[in-house]
Amino acid sequence: MGLTFPLLATVTWLAALGAVALRRPVYAALSLVVALLGLAAIFLTLEAQFLGMVQILVYVGAVVVLVVFVIQFTRNDEVPLTGLAFRPVSLGVGIAVLVTGGLIACIAGTPEWAVKPPEGPPPGMRQIGEGLMGVYVPALEAMGVLLTVALIGAVLIAMRGRSTSLH
Amino acid sequence: MVPLDQYLLLSALLFGIGLAGVLTRRNGIIVLIGVELMLNAANLNFIAFWRHRADTGAADGLLFAMFAIGVAAAEVAVGLALIIALYRARRSVNLDEAKELKG
């Protein structure tokens, strides 16, 4: 176990840094793939195997593919590489560093966590299925409606631009 | 097992990276990638707290993270459709182009 987590954490963090810092969007998307795979592996170290697989299927399989499609549909080379949106850039980075520093101070300032890792194995597929089909049925139904609405909305938003440009 | 606070530290650092990306980049696609990173940091917290909970019976934290992934998938679909619409109108994914409501 010893080195697994530090190694995964380092790779994930560096890949996340690349995902937002790289100039070309395609490289950023590929760096995001590495970060998401690293996170899936970290989920595996937490014995959340099912969520690790969901992470790979949904994020790497669907979200990143969608991002890459949009990168191909749009011409990104004319986005100016200098003069970033939040001017000056140091202000945006400073805000992020402040927020992160506050979070880390809170984590480091907590003397003792009331939660302890249990001895036995974590809940498995059976508990996940019972949860989805039992207590969380309303949430599951709402998720289905949300995804349908989002799908229709995304198609409508993307199509409306075309119909107005035809007139 | 790795202590809980190390997972929380990694999550905080990932959140900071995502926030810095959202605040400083002007390419809409990269801004969405930053939002995804922040959502993933929150998911890592859910899973870490779930695994380190004393009561092992339920899969609550796991299911919460799954629903968060579902919401994130819906969000990225709508966000990318908006970027496509912006690109159709302006021929650019530069978020500074969408400033007609600016006072």
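Here is a short chat about chain A, its helices and its contact with chain B.

Me: Before we start, what makes a residue number or a feature count here?
Reply: This is a predicted model, where local features need pLDDT of at least 70, side-chain atom pairs count only at pLDDT 80 or more, and totals for chains, interfaces and linings use all residues. Residues are numbered from 1 along each chain as its sequence is written, chains are lettered from A and ligands numbered from 1 in the order in which they are written, and side-chain values use heavy atoms, with hydrogens and water left out.

Me: What makes up chain A, helices or strands?
Reply: Six helices and zero strands, so the order from the N terminus is α-α-α-α-α-α. A helix here is a DSSP run of H or I with at least four residues, and a strand is a run of E with at least two.

Me: Why is Gln55(A) called buried?
Reply: Buried means under 20% relative accessible area, exposed over 50%, and partly exposed in between (1.4 Å probe, protein chains only). Gln55(A) has 0% relative accessibility, so it counts as buried. Gln55(A) belongs to helix H3 of chain A. Across chain A, 33% of the 167 residues count as buried.

Me: Which residues are in contact with Gln55(A), leaving aside neighbours within four places in sequence?
Reply: Contact means heavy atoms within 4.5 Å. With those neighbours left aside, Gln55(A) is in contact with Leu36(A), Leu39(A), Ala40(A), Phe43(A) and Val60(A), plus Asn40(B) and Ile69(B) from chain B.

Me: How many residues are in contact between chain A and chain B?
Reply: 82 residues of chain A are in contact with 73 of chain B. The area buried between the two chains is about 7000 Å², with carbon and sulfur atoms giving 78% of it. Buried area is the accessible area (1.4 Å probe) that two parts lose on being put together, summed over both.

Me: What makes Glu47(A) and Arg51(B) a salt bridge?
Reply: The rule wants a side-chain nitrogen of Lys or Arg within 4 Å of a carboxyl oxygen of Asp or Glu. The side chains of Glu47(A) and Arg51(B) meet at 2.7 Å, N to O, so the pair fits the rule. Across this interface the rule finds one salt bridge.

Me: Which helix of chain A gives the most to the side that touches chain B?
Reply: H3(A), with 12 residues. The residues of that side divide into 62 nonpolar, 13 polar and seven charged. Nonpolar covers Ala, Val, Leu, Ile, Met, Phe, Trp, Tyr, Cys and Pro, charged covers Asp, Glu, Lys and Arg, and the others, Gly among them, count as polar.
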